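Reader: I should be grateful for a close examination of one part of this model. Please treat the matter in a single connected account.

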Amino acid sequence: MKPVIRKLGPGDLADIVSLIREFAEFENLISYCAVNEDRLYHAMFAKDAIVEGYAVSVDDILIAYALFYPGFSSFRGELGFNLEDLYVRKEYRGKGIGKMLLQKVAKSARDRGFVRLDLMVNSQNSAARAFYEKLGASCNSDERHFKFSDKAFKDLAS
């Protein structure tokens, strides 16, 4: 098993959508998962796309991915990436693949002059929390994630 990491391309959309659904099932959030290839294409490869990603494959089979996009911390005046997803298939966990992906995203950020990575972790996912903390990430439990979506977003934007 020799994992290969590379930038995601349009030809990976079906595999990434499948992995996103697998991730949603793992997080017990499948009822919220509405992604499809068209939506992902628009976010990643259309003219105004902002999402980037890396895939890890073994023997030409995608086994892990990371999706991220630029972010900014106004209080600190720092540019960075927001890591939206980092997912490794169950049978490949504990083999350094998640760390490899995270390092690749961090190096991409550094190469652009960015100085941080931000991410959210499901409070039920103690393994992910331990993984990020082991690598030096800190968690600010005072902040809560708010979002406007669906009807609330439509109402706000009208």
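How closely do the axes of α1 and α2 come, and at what angle do they cross?

Author: The model is a predicted one, and the description below should be read accordingly. In it, the axes of α1 and α2 come within 10 Å and cross at roughly 110°. Angles of 65 to 115 degrees count as roughly perpendicular, and α1 and α2 are therefore roughly perpendicular to each other. The contact is made by L13, A14, I16, V17 and I20 on the side of α1, which meet E37, L40, Y41 and F45 of α2. Sorted by character, the residues of this contact comprise 8 nonpolar, no polar and 1 charged.

The helix α1 itself merits a closer description. Helix α1 runs over residues 13–26, which makes 14 residues, and the distance from its first C-alpha to its last is 20 Å, close to the 20 Å expected at 1.5 Å a residue. Its buried residues are L13, I16, V17, L19, I20, F23 and A24. Viewed down the axis of α1, these buried residues fall within an arc of 165°, so they line one face of the helix. The packing partners of the buried residues of α1 are α2 (37–45), together with the strands β3 (61–73) and β4 (78–88).

The loops on either side of α1 may be taken next. Before the helix, D12 is found in the loop between β1 (4–7) and α1. D12 has a relative accessible area of 9% and is therefore buried, the limit for that class being under 20%. Apart from residues up to four places away in sequence, D12 touches R6, K7 and L62.

After the helix comes N28, whose phi is positive. N28 lies in the loop between α1 and α2, and its phi is near 60°, a positive value in a residue other than glycine. Most residues other than glycine have a negative phi. N28 counts as exposed because its relative accessibility is 69%. A comparable entry is found at D59, which is not a glycine and has a positive phi of about 55°. D59 lies in the loop between β2 (52–58) and β3, and with a relative accessible area of 68% D59 is exposed.

On the far side of α2 from that loop, the chain continues towards β2. I50 is found in the loop between α2 and β2. I50 has a relative accessibility of 51% and so counts as exposed, for which the cut-off is over 50%. I50 nevertheless has contacts elsewhere in the chain: leaving out residues up to four places away in sequence, I50 touches A43, F68, Y69 and P70. With F68, I50 has a C-alpha separation of 8.5 Å, although the two are 18 residues apart along the chain.

Within strand β2, E52 can be considered. E52 counts as buried because its relative accessibility is 15%. Its contacts, apart from neighbours within four places in sequence, are K7, M44, A66, L67, F68, F81 and R112. F68 is also among the residues that I50 touches. From C-alpha to C-alpha, E52 and H42 are 11 Å apart in space and 10 residues apart in sequence.

Helix α3 may be set beside α1 and described in like manner. Helix α3 (residues 97–111) has 15 residues, which should span 21 Å at 1.5 Å a residue; the end C-alpha atoms are 21 Å apart, which agrees. The buried residues of α3 are I97, G98, L101, L102, V105, S108 and A109. They cover an arc of only 140° around the axis, and they are therefore on the same side of α3. The face turned away from that buried side carries the exposed residues R110 and D111. The elements covering the buried residues of α3 include β1, β2, β3, β4, β5 (116–119) and α4 (126–134). Just after α3, G113 takes a positive phi of about 85°.

To return to the part requested: α1 presents its buried residues along one face, within an arc of 165°, and α2 is one of the elements against which those residues pack. The crossing of α1 and α2 is roughly perpendicular, and the residues of the contact divide into 8 nonpolar, no polar and 1 charged.

Note on methods
Residues are numbered from 1 along each chain as its sequence is written. This is a predicted model: local features need pLDDT of at least 70, side-chain atom pairs count only at pLDDT 80 or more; totals for chains, interfaces and linings use all residues. Side-chain values use heavy atoms; hydrogens and water are left out. Helices (H or I, at least four residues) and strands (E, at least two) are DSSP runs, numbered from the N terminus. The expected span of a helix is 1.5 Å times one less than its number of residues. Buried means under 20% relative accessible area, exposed over 50%, partly exposed in between (1.4 Å probe, protein chains only). The arc is that of the directions from the helix axis to the C-beta atoms. Contact means heavy atoms within 4.5 Å. Axes are lines fitted to C-alpha atoms, for helices over the stretch in contact, and angles run from 0 to 180 degrees between N-to-C directions. Angles under 35 degrees count as roughly parallel, over 145 as roughly antiparallel, 65 to 115 as roughly perpendicular and the rest as oblique. Ala, Val, Leu, Ile, Met, Phe, Trp, Tyr, Cys and Pro count as nonpolar, Asp, Glu, Lys and Arg as charged, and the others, Gly among them, as polar.
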